[in-house]
Amino acid sequence: MPDFDSIGEDISHCRPKVHLQWASGSQPVRKLSVVSLLPQKLKDFVEDSVRLCRPSNVYVCDGSEAENSMLIELLLENRTIVPLPKYQNCFLARSCPRDVARVESRTFICTTNRRDAVNVPRGSAKGMLGNWMSLEDADSAVAERFLGCMVGRTMYVIPFSMGPLDSPYSKLGVQLTDSAYVVCSMRIMTRIGTKVLEKLDSLDDGGNGVGYFVKALHSVGRPADGPVQHPHWPCDPDRTIILHKPEMNEIISYGSGYGGNSLLGKKCFALRIGSSIARREGWLAEHMLILGVTNPKGRKRYVVAAFPSACGKTNMAMMQPTLPGYKVECVGDDIVWMRFDRNGQLRAINPEFGFFGVAPGTSRSTNPVAMDTVFKNTIFTNVAQTSDGGVYWEGMDKLEPGVTVTDWQGNPWTPGSTPAAHPNSRFCTPAEQCPIIDADWQSPEGVPIDAILFGGRRPAGVPLVYEAFDWKHGVYVGASMKSEATAAAEHKGKEIMHDPFAMRPFFGYNFGHYLQHWLSMETASPNVKVPKVFHVNWFRKDDQGKFMWPGYGENCRVLDWILRRIDNEPGTAQQTPIGIVPTRESFDARGLDVDFDGLFSVPIDFWTEEAKEVAHFLYEQVDEDLPKDIQDQINNLFSRLSLYPRN
Ligand SMILES: Nc1nc2c(ncn2[C@@H]2O[C@H](COP(=O)(O)OP(=O)(O)OP(=O)(O)O)[C@@H](O)[C@H]2O)c(=O)[nH]1
Ligand SMILES: O=C([O-])CC(=O)C(=O)O
Ligand SMILES: [Mn+2]
């Protein structure tokens, strides 16, 4: 147990300093006196956590290159990562096969009152939109797992910022973790280190500590006397738990090293805690990409798009448009924080600093921009390795002759056998390396947003694109989103699941209140100009089960129509009961061999069933908290459908 003798000395004249030391082993050690230089609120958090977890060392991260090299050395020595000599400064981590994705069933929002945290379903129906735990049970869960969980090891203190340090939209956090892999990944995904500590030191906590910085405690869960799950990837899959306390701005994650569970700035902070802060402060924290699109006339606009995990955000954010004269630039690929500014214009920032993207399916033909981004300074997790020191995954370009492959679990692989890369294998790569990163991606005031897109994997019935009639209908469209399950979470099979706003696993508070919050944006101030809302579906299939739409770079044709709609170009709209679809003349399908009618058809029998099913879902799940405006939208859709001739 470290002692804190030095804590309490007068630190008013000191700045936090980097102070590395090497102990007899290879564990980096920071002298505890440096902990005493931390701002008081942070010092309390570190001290309390040290008392609980009992690490042998506490190390405060400064975010420097030297520190990163030292941690990479440590990870190589421990064999948590292996080098990829084919590329520059790239590494591969192979996780424990039981720790490969987010665990939604063990993710909880913990509040005083249940109804603040999750929707309260009707009768005995099971809640589908998040799990609640009482604060008392959360405390017991923590006590059962964290006591002594870092004995003999190092606790790293990572001060991080979600959003550019000079942005008024940004929020600070501090993650404590016992994983060097997490430190190196957090350094790619967020802005970390001394600068953050300095900003944190300068902030006033308003007397109560809440809203000052988010406290995030993480352990992979390797108690000194616990079972060893995996030699190079300590974790505790049987007891994994991820807790969020929005009332205290706290996150506690145990048992998993996998990104979505362990890089706490991402889903835990930027979405779950973030959405709940956003509600209090009057803005939106969403699971969305942000891109800038310039049309051949040189007019640039920004759009955001919410698709569920592994449904195409990274691909769209890095799109290479096939239509001549179009240009797409990337601001972010996963998370957006946005608010209406003083002039009533919606503005968005990407709170992240890197991309944690799905590897399989990424290739020169599907996402050349990602291919030009990821082969330097990247940590890959659970992809396959080639005998020439590179990586491989399903859907990547052809293997060079003579090259052999080791699969994601470290076994020799032959084509046609089990997947070489895990379907949820990922690259973790700095955003600034993206060749089409937008010039304003770190702009402190964010970029102006002109359209919001929702979408999912819908094999049947759902047109390539349709536009909502107005804001309220747009909120209904977001609420009614569904998508085929993917490998990004622990779900089995290809079941079509409800995933409202692509946020099902990420709501930080009651979904009924969330809907009300979205609806309220329209009247947040008298001058608010709400953007147009669209729904897209790249994944409609024909009778043979083949995708009807080529997708990827061709998706710019959908953007082209969306831009025409934003410009209110005449002759672009065709009314249907579910929304506005393109007229044939206004949709640029030149040079493509696609079934236009099939892609845009709105089968009334399908939609009548769909509308009923969505209504049932919303009434059952949200019950008394379902806003009147959404009930009206449900009724309006039914009457539009009943007035429409059946096909
Ligand atoms: N058919 C088709 N597949 C696509 C398209 N865009 C993306 N995909 C595939 O969808 C999978 C996931 O795409 P991503 O862009 O990584 O998804 P994401 O939404 O960023 O996922 P998360 O990082 O989990 O939030 C990949 O296998 C892609 O190849 C498209 O337009 N058409
Ligand atoms: O959270 C993760 O593990 C990765 C991700 O972006 C998602 O699943 O949406
Ligand atoms: Mn995501």
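The following exercises examine the largest pocket of a predicted model and the two ligands in it.

Local features require pLDDT of at least 70 and side-chain atom pairs pLDDT 80 or more, while totals for chains, interfaces and linings use all residues. Residues are numbered from 1 along each chain as its sequence is written, chains are lettered from A and ligands numbered from 1 in the order in which they are written, and side-chain values use heavy atoms, with hydrogens and water left out.

**Exercise 1.** Describe the largest pocket and its lining.

*Solution.* Step 1: the largest pocket holds about 1,000 Å³ of space. A pocket is an open set of points on a 1 Å grid over the protein atoms alone where a 1.4 Å probe fits, with protein on both sides within 12 Å along at least five of seven lines; lining residues have an atom within 4 Å of a point. The volume is the space filled by probe spheres set on the points, which are joined across faces, edges and corners.

Step 2: the lining comprises 46 residues, and A310, C311, G312, V358 and R457 are the closest to the pocket centre.

Step 3: α10 (313–317) is among the elements that supply at least two lining residues, and α10 gives the most, four. Helices (H or I, at least four residues) and strands (E, at least two) are DSSP runs, numbered from the N terminus.

**Exercise 2.** Identify the surroundings and polar contacts of ligand 1.

*Solution.* Step 1: ligand 1 sits in the largest pocket, meaning that more than half of its atoms lie within 2 Å of the pocket's grid points.

Step 2: there are 22 residues around ligand 1, and A310, K313, N315, R426 and Y552 come nearest. A residue counts as near if one of its heavy atoms lies within 4 Å.

Step 3: polar contacts are pairs of N or O atoms within 3.5 Å. Oxygen atoms of ligand 1 lie 2.8 Å from a side-chain N or O atom of K313, 2.8 Å from a polar backbone atom of T314 and 2.7 Å from a side-chain N or O atom of Y552.

Step 4: taken alone, ligand 1 exposes 660 Å², of which the protein buries 92% (Shrake-Rupley method, 1.4 Å probe).

**Exercise 3.** Carry out the analysis for ligand 2.

*Solution.* Step 1: ligand 2 also sits in the largest pocket. Residues around ligand 2 include R102, G260, H287 and R426.

Step 2: an oxygen atom of ligand 2 is 2.9 Å from a side-chain N or O atom of R102, and one is 3.2 Å from such an atom of H287.

Step 3: ligand 2 alone exposes 260 Å², and the protein buries 98% of that.

Technical notes: Polar contact = N/O pair within 3.5 Å; in protein donor to acceptor, adjacent residues only side chain to side chain.
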